Amino acid sequence: MMAGSAKRISAILLCVLFLLFQGVALADKATITNMIVSNTRDDLLFYASVQQAFNDKMIEAIENGVPATFTFQIDVSQLRNMWFDKEIADLTVAHTIKLDKIKEEYIVTRSWEDREPVVFKSFEAARAHMTNISGMRLCKMDKLEKGAKYKIAVKAELDKLTLPFHLRYVLFFVAFWDVETDWHKLYFTY
């Protein structure tokens, strides 16, 4: 009788711990927010940001010189009734942050920008630049039809950590490097 009650208590404790850790994991889930579409005379422009992108272990890794790269998958499609959607653009862009430990500077590179990497003295400023897409050209306006409905779908994922050869067996590091958002969608009519 005593062994049965100990098993029940152990099972209940395991369930409670599972639910607590699941809640913590969900609370820190990265999400894409502030999605905005705009245009110039020639180009369709996109703005968005990623919230909850960095956890403490990732920040610690970056502070120790490990670079981090976010890859954004962005799909633009024209919505059509009773037919498959028409793909307008399918883009993959990357944002990379790394610390130059000698100069104590954070270097952020965004693959879609035609300029040199941007250098920051503070991690907070570098993180803000790293997690934002601002004014990225998605496609030429002549690819869009007046009065048609469109969808922009976006997903961000932190590239899997590639450790130097001598650190590849440090498994606890990899568990904190698994950041991915769900697909987020923005609908608009041109």
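Which side chain of opposite charge is nearest to the buried Lys-151, and how far away is it? In this predicted model, the nearest such side chain is that of Asp-85, at 4.3 Å, and Lys-151 has no salt bridge. A salt bridge requires a side-chain nitrogen of Lys or Arg within 4 Å of a carboxyl oxygen of Asp or Glu, so the separation of 4.3 Å between Lys-151 and Asp-85 does not qualify. Lys-151 is found in strand β8, which covers residues 149–158. Beyond the residues up to four places away in sequence, Lys-151 touches Asp-75, Val-76, Ser-77, Leu-79 and Asp-85, as well as Lys-185, Leu-186 and Tyr-187.

The protein chain comprises four helices and nine strands, arranged along the sequence in the pattern α-β-β-α-β-β-β-β-α-β-β-α-β. The chain has 190 residues, of which 36% count as buried. Among contacts with a separation of 6 or more, 61% are accounted for by residues 24 or more positions apart. The exposed area of the protein chain is about 12,300 Å², with 59% of it supplied by carbon and sulfur atoms.

The largest nonpolar core holds 45 residues, and the members that touch the most others are Phe-46, Phe-54, Ile-74, Ile-97 and Ile-152. With neighbours within four places in sequence left aside, the contacts of Ile-97 include Phe-54, Tyr-106 and Phe-123. Ile-97 is also in contact with Ile-62, Pro-67, Ala-68, Ile-107, Val-108, Ala-126, Arg-127 and Met-130.

Three of the residues contacted by Ile-97 recur in the aromatic pairs. The count of aromatic pairs comes to six. In one of them, the ring centres of Phe-54 and Phe-70 are 5.7 Å apart and the planes stand at 90°, so the pair is edge-to-face. Phe-54 lies in the loop between β2 (43–51) and α2 (56–63), whereas Phe-70 belongs to strand β3 (residues 68–79); the pair therefore ties together parts that are 16 residues apart in sequence. Both Phe-54 and Phe-70 are buried. The rings of Tyr-106 and Phe-123 also form an edge-to-face pair, because their planes are at 65° with the centres 5.6 Å apart. Tyr-106 is in strand β5 (residues 105–110) and Phe-123 in helix α3 (residues 123–130), so this pair ties together parts that are 17 residues apart in sequence. Tyr-106 is buried, its relative accessible area being 6%, and Phe-123 counts as buried at 9% relative accessibility. Ring pairs link these four residues and Phe-72 into a cluster, which consists of Phe-54, Phe-70, Phe-72, Tyr-106 and Phe-123.

Lys-151 lacks a salt bridge, but the structure holds eight salt bridges elsewhere. One of them joins the side chains of Asp-182 and Lys-29, at 3.8 Å from N to O. Asp-182 is located in the loop between α4 (171–175) and β9 (184–189) and Lys-29 in the loop between α1 (2–27) and β1 (31–39), so the pair ties together parts that are 153 residues apart in sequence. Lys-29 has a relative accessible area of 30% and is therefore partly exposed.

A further salt bridge connects Asp-43 and Lys-140 through their side chains, with an N to O distance of 3.3 Å. Because Asp-43 lies in strand β2 and Lys-140 in strand β7 (residues 132–140), the pair ties together parts that are 97 residues apart in sequence. Asp-43 counts as buried at 15% relative accessibility, while Lys-140, at 38%, counts as partly exposed. The preceding residue pair, Asp-42 and Arg-41, forms a salt bridge in which the closest N and O atoms are 3.4 Å apart. Asp-42 is partly exposed, with a relative accessible area of 36%, and Arg-41 counts as exposed at 75% relative accessibility. A network of salt bridges links Arg-110, Glu-113 and Arg-115.

Thr-33 has its place in strand β1. With a relative accessible area of 24%, Thr-33 is partly exposed. The C-alpha atoms of Thr-33 and Ser-49 are 5.4 Å apart in space, although the two residues are 16 residues apart in sequence. Apart from neighbours within four places in sequence, Thr-33 is in contact with Ala-48, Ser-49 and Gln-51.

How values were computed: Residues numbered from 1 in each chain as written. Predicted model: local features only at pLDDT ≥ 70, side-chain atom pairs only at ≥ 80, totals over all residues. Heavy atoms only, no water. Helix = DSSP H or I, 4+ residues; strand = E, 2+ residues; numbered from the N terminus. Buried < 20%, exposed > 50% of the residue type's maximum accessible area, 1.4 Å probe, protein only. Contact = heavy atoms within 4.5 Å. Areas by Shrake-Rupley, 256 points an atom, 1.4 Å probe, with all protein chains shown as cover. Lys, Arg positive; Asp, Glu negative; His and termini not counted. Phe/Tyr/Trp six-rings, centres within 6.5 Å; stacked < 30°, edge-to-face > 60°. Core = buried A, V, L, I, M, F, W, Y, C linked by side-chain atoms within 4.5 Å.
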